[in-house]
Amino acid sequence: MAIIRHTYESQLLELRKDIRRLGLRIFSLIQQSVSVLSDQDINHARAVVKKDTVINRLDHDINEQVIMLITKQQPIATDLRLMIAALKISSEFERIGDNAANIAQIRKRVKFTDNYILMRLDTMGKLAMLMLKDLNTAVREDDITLIKEIIIRDEDIDDLFKDIINTTYLIDNDPFVAAQAHLAARYLERIGDHIANISEHIYYYMTGERYESYDKN
C-alpha cells in the first residue's frame with residue numbers, strides 16, 4: 001500500500017512539474033513572439049510559429065496524465081482540485097501559445113518599424129510575462145494575496161490595448177500596418193486574459209472557492 005501511495009504522490013509531483021515546464025515554455029514564447037515583430041529575419045517568426053506545435057503536444061500529454069490519474073487513482077477532494085485545475089491551466093496555456101503564434105504570423109505579413117507601436121506592444125508582452133513570473137512565485141509561496149493582485153493587473157494590459165486601437169497615429173500613415181498592429185495588440189490582450197484565468201484556477205485550487213465569490217471590496 002505504501003508503494004502505491006508513493007507512486008501516486010510521484011505522479012502528482014510530475015503533473016505539477018509538467019505544468020510548470022509548460023508555463024516556462026509559454027513565458028519564452030510570449031517574449032519571442034513580440035521580439036520578432038521588428039526582426040529583420042522572417043525565419044525567426046516562422047520558427048516561433050512552429051514552436052506552438054510543442055505547446056499543443058505538452059497540453060495533450062497533461063490531459064492524458066490527468067485522465068489516467070482520475071480513472072486509476074480515485075483522488076480525494078484536494079487532489080481532484082489539483083487535477084481539474086491542471087486541465088484548465090494547460091488549456092489556457094495552449095490558447096496562449098496559439099495567440100503567441102498568431103503574433104508571429106503577423107511578422108510574416110509586415111515588419112513593424114514604428115517605435116510608438118513597438119514600445120506599447122513590447123510593454124504589453126512584458127506585463128504578461130511579469131504576471132506569469134509572479135504567478136510562479138505566488139504558487140511556490142502559497143501567496144493568495146499576490147494571486148488576487150495578478151488577476152487585477154490584467155487591467156493594465158487592457159488599458160494599453162485600448163490605447164493602441166484608439167490611436168489614429170498609424171492609420172493616417174499606413175492603414176494596413178495599423179490594422180496589423182491592432183491585431184497584435186488584440187492577441188496580447190487575450191494572452192493577459194488567459195493568464196488572469198490561470199490565476200483564478202490556481203486560486204480555486206488553493207482555497208476551494210471560486211475567485212468571483214470572494215469579497216473583493
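Student: How many helices and strands does the protein chain have?
Tutor: Six helices and zero strands. Keep in mind that you're looking at a predicted model. Going from the N terminus, the order of elements is α-α-α-α-α-α.

Student: How big a box do the C-alpha atoms fill?
Tutor: Along the principal axes, roughly 70 × 45 × 25 Å. Of the 217 residues in the chain, 44% are buried.

Student: Okay, pick one. Why is L22 called buried?
Tutor: Buried means under 20% relative accessible area. L22 sits at 0%, so it counts as buried. You'll find L22 in helix α1.

Student: What does L22 touch, leaving out residues up to four places away in sequence?
Tutor: I55, L58, I62, S90 and F93. Take I55: it's 33 residues from L22 along the chain, yet their C-alpha atoms are separated by 7.0 Å.

Student: Which residues have the most contacts inside the largest nonpolar core?
Tutor: F93, I96, F112, L121, M124 and I191, in a core of 61 residues. At least two core residues come from each of α1 (2-35), α2 (42-73), α3, α4, α5 and α6 (175-207). Look at L121 for an example: leaving out residues up to four places away in sequence, it touches V34, L37, F112, I164, A181, A184, A185 and L188.

Student: Why is S35 called partly exposed?
Tutor: Partly exposed is the range between the 20% and 50% cut-offs. The relative accessible area of S35 is 42%, so S35 lands in that range. S35 belongs to helix α1, and its C-alpha atom is 9.3 Å from that of G125, 90 residues away along the chain.

Student: And what makes D142 exposed?
Tutor: You need over 50% to be called exposed. D142 has 57%, so it passes. You'll spot D142 in the loop between α4 (115-140) and α5 (144-166).

Student: What stands out about the phi of D142?
Tutor: The phi is positive, about 50°, although D142 is not a glycine.

Student: Which residues make the nonpolar surface patch?
Tutor: I70, L80 and I84, and together their patch is about 190 Å².

Student: How do you know that I84 is accessible enough for a patch?
Tutor: A patch residue needs over 30% relative accessible area. I84 has 31%, so it clears that cut-off and counts as partly exposed. In the fold, I84 is part of helix α3 (residues 77-107).

Student: How many salt bridges does the structure hold?
Tutor: Seven.

Student: How do you know that E14 and R21 form one?
Tutor: The cut-off is a nitrogen within 4 Å of a carboxyl oxygen. For E14 and R21, the closest N and O atoms are 3.2 Å apart, so the pair meets the 4 Å limit. E14, at 33%, is partly exposed, and R21, at 40%, is partly exposed too.

Student: What makes D18 and R21 a salt bridge?
Tutor: Use the 4 Å limit again. Their N to O distance is 2.3 Å, so D18 and R21 qualify.

Student: Why are D18 and R21 separated by about one helical turn?
Tutor: Because they are three residues apart in helix α1. D18 has 18% relative accessibility, so it counts as buried.

Student: Where do R186 and E189 lie?
Tutor: In helix α6, three residues apart, which is about one turn of the helix. Their side chains meet in a salt bridge, 3.3 Å from N to O.

Student: Are R186 and E189 buried or partly exposed?
Tutor: They split. R186 has 34%, so it is partly exposed, while E189 has 9%, so it is buried.

Student: Which residues are joined into one network by salt bridges that share partners?
Tutor: E14, D18 and R21.

Student: Where does UniProt place the feature "domain: PhoU"?
Tutor: The record, an unreviewed entry, puts it at residues 19-105 and 122-201. Over residues 19-105, the chain is 90% helix and 0% strand, and the end C-alpha atoms are 26 Å apart.

Student: How much area does the whole chain expose?
Tutor: About 11500 Å², with carbon and sulfur atoms supplying 52% of it.

Definitions and conventions:
Residues numbered from 1 in each chain as written. Predicted model: local features only at pLDDT ≥ 70, side-chain atom pairs only at ≥ 80, totals over all residues. Heavy atoms only, no water. Patch = residues over 30% accessible without salt bridge, like charges linked within 9 Å, V, L, I, M, F, W, Y side chains within 5 Å. Areas by Shrake-Rupley, 256 points an atom, 1.4 Å probe, with all protein chains shown as cover. Helix = DSSP H or I, 4+ residues; strand = E, 2+ residues; numbered from the N terminus. Buried < 20%, exposed > 50% of the residue type's maximum accessible area, 1.4 Å probe, protein only. Core = buried A, V, L, I, M, F, W, Y, C linked by side-chain atoms within 4.5 Å. Contact = heavy atoms within 4.5 Å. UniProt positions renumbered as here; feature names shortened; annotations may be inferred.
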